[in-house]
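Subject: Structure for you to look through

Dear colleague,

I am passing on the structure we talked about, together with some notes on what turned up in it. Please open it alongside this message, as the notes are meant to be read with the residues in view.

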Amino acid sequence: MLMMQVALMARKERADAPEENRPMPPLQDAVATELLVEQAPDSMIFADLEGIIRAWNPASERIFGHAAADAIGQTLDIIIPESLREAHWQGYDRALAAGDTKYRGQSLPTKSIKADGTHIYVELSFAIVHAPDGTVIGAMAHARDITERFERDKITRRRLRELEAANAAAESGG
């Protein structure tokens, strides 16, 4: 009962709120989903069972440098460095076959490649996508460019190793 009263009070407060503070009316699901994907700050990529890119949002264009028209219909190889492709495809096929990924809920840093050949570091999170009947239809990834942070952290780690080595040498008298 108390929860119902709280909800009714909150609804009344919203109704009394100035026009600019009122929530927007809900959009149709398909329109809302399209807006979310188009305006997402992170790259959102969907690839089918063969690893063919079927969805590529504007953030993907910004991060990887491939226009959607150029990326859609290509394999994920356009963003995977040659040296990582074999391991990627083994993991991709294994996750699709299992219907899940062992990395669910995790963000993983990895190397990637841009359209101009520049190597970058991205943080990826993955999900296996299922149709309403439960059939696996592909995989989705969210990516964020972490190149600057990765390079900064690499310099910090190197400097820490140097300081630890200098400290160990000083403690040992040498």
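Asp-77, Glu-82 and Arg-85 are joined to one another in a network of salt bridges. Please bear in mind while reading that this is a predicted model, and that the distances and accessibilities below are computed from it. Across the structure the count of salt bridges comes to eight, and three further ones deserve a description here.

In one of them, Asp-48 pairs with Arg-54, and the closest N and O atoms are 2.9 Å apart. Asp-48 counts as buried because its relative accessibility is 11%, which is under the 20% limit, whereas Arg-54 is partly exposed, with a relative accessible area of 45%. In another, Asp-100 forms a salt bridge with Arg-104, where the closest N and O atoms lie 2.4 Å apart. Here Asp-100 is partly exposed at 29% relative accessibility, while Arg-104 has 57% and counts as exposed.

The side chains of Lys-154 and Glu-151 also meet in a salt bridge, at 3.4 Å from N to O. Both of these residues belong to helix H6, which covers residues 147-171, and they are three residues apart, about one turn of the helix. Lys-154 is partly exposed at 30% relative accessibility, and Glu-151 is likewise partly exposed, with a relative accessible area of 29%.

Turning to the interior, the largest nonpolar core has 23 residues, and the members that touch the most other members are Trp-56, Phe-64 and Leu-76. The elements that give two or more residues to this core are strands E1 (43-48), E2 (53-56), E4 (119-130) and E5 (136-145), together with helices H3 (58-64), H4 (68-71) and H5 (85-98). If neighbours within four places in sequence are set aside, Leu-76 is in contact with Ile-45, Ala-47, Gly-51, Ile-53, His-88, Trp-89 and Tyr-92.

Phe-64 appears again among the contacts of Ser-112, a residue that, when residues up to four places away in sequence are not counted, touches Phe-64, Ile-79, Pro-81, Thr-118, His-119, Ile-120 and Val-122. Ser-112 is found in strand E3, residues 108-113, and with a relative accessibility of 2% it counts as buried. What does the side chain of Ser-112 reach at 2.5 Å? The partner is the backbone oxygen of Ile-79.

The aromatic residues are the last topic, and a search of the whole structure finds three aromatic pairs. One of them is formed by Trp-89 and Tyr-92, whose arrangement is edge-to-face, with 5.2 Å from centre to centre and 75° between the planes. Because Trp-89 and Tyr-92 are three residues apart in helix H5, about one helical turn separates them, and both are buried.

Tyr-121 and Phe-150 make up another pair: their ring centres are 3.7 Å apart and their planes meet at 20°, so the pair is stacked. This pair links distant parts of the chain, since Tyr-121 is in strand E4 and Phe-150 in helix H6, 29 residues apart. In space, the two residues are 7.0 Å apart from C-alpha to C-alpha. Are these two residues buried or partly exposed? Tyr-121 is buried, with a relative accessible area of 16%, but Phe-150 counts as partly exposed at 22% relative accessibility.

Two more details belong with this pair. The charged end of Arg-157 sits over the ring of Phe-150, 5.6 Å from its centre. Tyr-121, leaving aside neighbours within four places in sequence, is in contact with Thr-110, Lys-111, Arg-144, Asp-145, Ile-146, Thr-147, Phe-150 and Glu-151. Glu-151, as described above, is also the salt-bridge partner of Lys-154.

With best regards

Note on methods
Residues numbered from 1 in each chain as written. Predicted model: local features only at pLDDT ≥ 70, side-chain atom pairs only at ≥ 80, totals over all residues. Heavy atoms only, no water. Salt bridge = Lys/Arg side-chain N within 4 Å of Asp/Glu carboxyl O. Buried < 20%, exposed > 50% of the residue type's maximum accessible area, 1.4 Å probe, protein only. Helix = DSSP H or I, 4+ residues; strand = E, 2+ residues; numbered from the N terminus. Polar contact = N/O pair within 3.5 Å; in protein donor to acceptor, adjacent residues only side chain to side chain. Contact = heavy atoms within 4.5 Å. Core = buried A, V, L, I, M, F, W, Y, C linked by side-chain atoms within 4.5 Å. Phe/Tyr/Trp six-rings, centres within 6.5 Å; stacked < 30°, edge-to-face > 60°. Lys NZ or Arg CZ within 6 Å of the ring centre and 35° of its normal.
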